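Please walk me through this structure in prose, taking one helix, one pocket and one loop residue in turn.

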Amino acid sequence: MSAVVGTRPALGFPQTKPKKQRSTGNLVAYLVAIVIIGITIVPLLFVVIGGFRTTAQINAHPAGWPHPWVLSNYSAILKSSTFWHFLWNSAVIAFVATALSVGLGSMAAFALSRYVFKGREALYLMFTAGLLLPLSAAALPLFLMLRQIGLLESRYGVALPEAAFSLSITIVILRPFMRAIPAELEDAAVVDGASKLGFFWRILLPLSRPALVTVAILAFVTSWNNYLLPLLVFNDPQNFTLPLGVATFQSQYSQDTARVLAFTALSIVPALGFFVIAERRLIGGLTGAVKG
């Protein structure tokens, strides 16, 4: 009788990639990262460094280094009241839009995460679908509506629509965070005499702080960089935001390329600085939302 020798299945240990294959993969990843950084950083460096040059230097050597360094372009803009007026308008609109987006979005996310009612998922799906609606598609009806209710040439005519367009991403990020908070905490709060509103204000919001910071950063930066909506609402230069101010400055000083680059560089600094400072909180909030 011949014995049939069977092969034993291999043990389920994870197979590690060869060292050469891993090093090749890391090299490709580094090269892709360098290309992306170059595409992102090089134009910014060109704008910033170009502001330290004269227009004659830029025309002679567009990609050259400042020689000598010229500080008058930046100093003239920083001494101009027009730049600070544009900055103030952008700051007011961004803060109002951020406050409305975070405040209303947190309340909507609370209802969609902690209450069970008919049509809850359909309502959440409607907010999620709002991510697919670009502002450009709603530009004409939005302009007609703002004109009808008298919000043209008003900061609220920009801040309110910006807050509305930020609600979708705010709710999508906050709902998983609030839903992941154990129900035992809410039951304990109710036993201690806290109302639903008290639980929301005293317990849920502090525990959701990483997500709140994340949506606040996104709403602020989006509002700060918005160009189309202020263009629809404002005709008076006194009401212009910083992006509109950059476009106006470029048309007025189209022959002075160096000063235009300096104005553009200074307009980037507030939003970029705000984003860099809050970067860790932004990543932490997005990670928590994905886990939730």
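A residue is called buried here when its relative accessible area is under 20%, as computed with a 1.4 Å probe on the protein chains only. The model is a predicted one, and the description can begin with helix α9, where G198, F199, F200, L204 and L205 are the residues that meet this criterion. Helix α9 comprises 12 residues, 196-207, and spans 15 Å between its first and last C-alpha, which is close to the 16 Å expected at 1.5 Å a residue. The cover over the buried residues of α9 includes α4, α7 (156-180), α8 (183-191) and α10 (209-225).

Helix α4 also appears at the largest pocket, whose lining takes two or more residues from each of α3 (72-78), α4 (81-114), α12 (242-252) and α13 (257-277). This pocket has a volume of about 270 Å³, and among the 16 residues that line it, S80, T82, F86, F249 and Q252 are the closest to its centre. By residue class, the lining consists of eight nonpolar, seven polar and one charged.

A last stop is T241, which sits in the loop between α11 (228-233) and α12. Is this loop residue buried or exposed? T241 has a relative accessibility of 4%, and because buried means under 20%, T241 counts as buried. Apart from its neighbours within four places in sequence, T241 is in contact with F86, N89, S90, I93, N226, P230 and F234. One of these contacts, F86, is also among the residues closest to the centre of the largest pocket.

Technical notes:
Residues numbered from 1 in each chain as written. Predicted model: local features only at pLDDT ≥ 70, side-chain atom pairs only at ≥ 80, totals over all residues. Heavy atoms only, no water. 1 Å grid on protein atoms, 1.4 Å probe; cavity = no way out; pocket = protein on both sides within 12 Å on 5 of 7 lines; lining within 4 Å. Points joined across faces, edges and corners; volume = space filled by probe spheres on them. Helix = DSSP H or I, 4+ residues; strand = E, 2+ residues; numbered from the N terminus. Nonpolar A, V, L, I, M, F, W, Y, C, P; charged D, E, K, R; others polar. Buried < 20%, exposed > 50% of the residue type's maximum accessible area, 1.4 Å probe, protein only. Contact = heavy atoms within 4.5 Å. Expected span 1.5 Å × (residues − 1).
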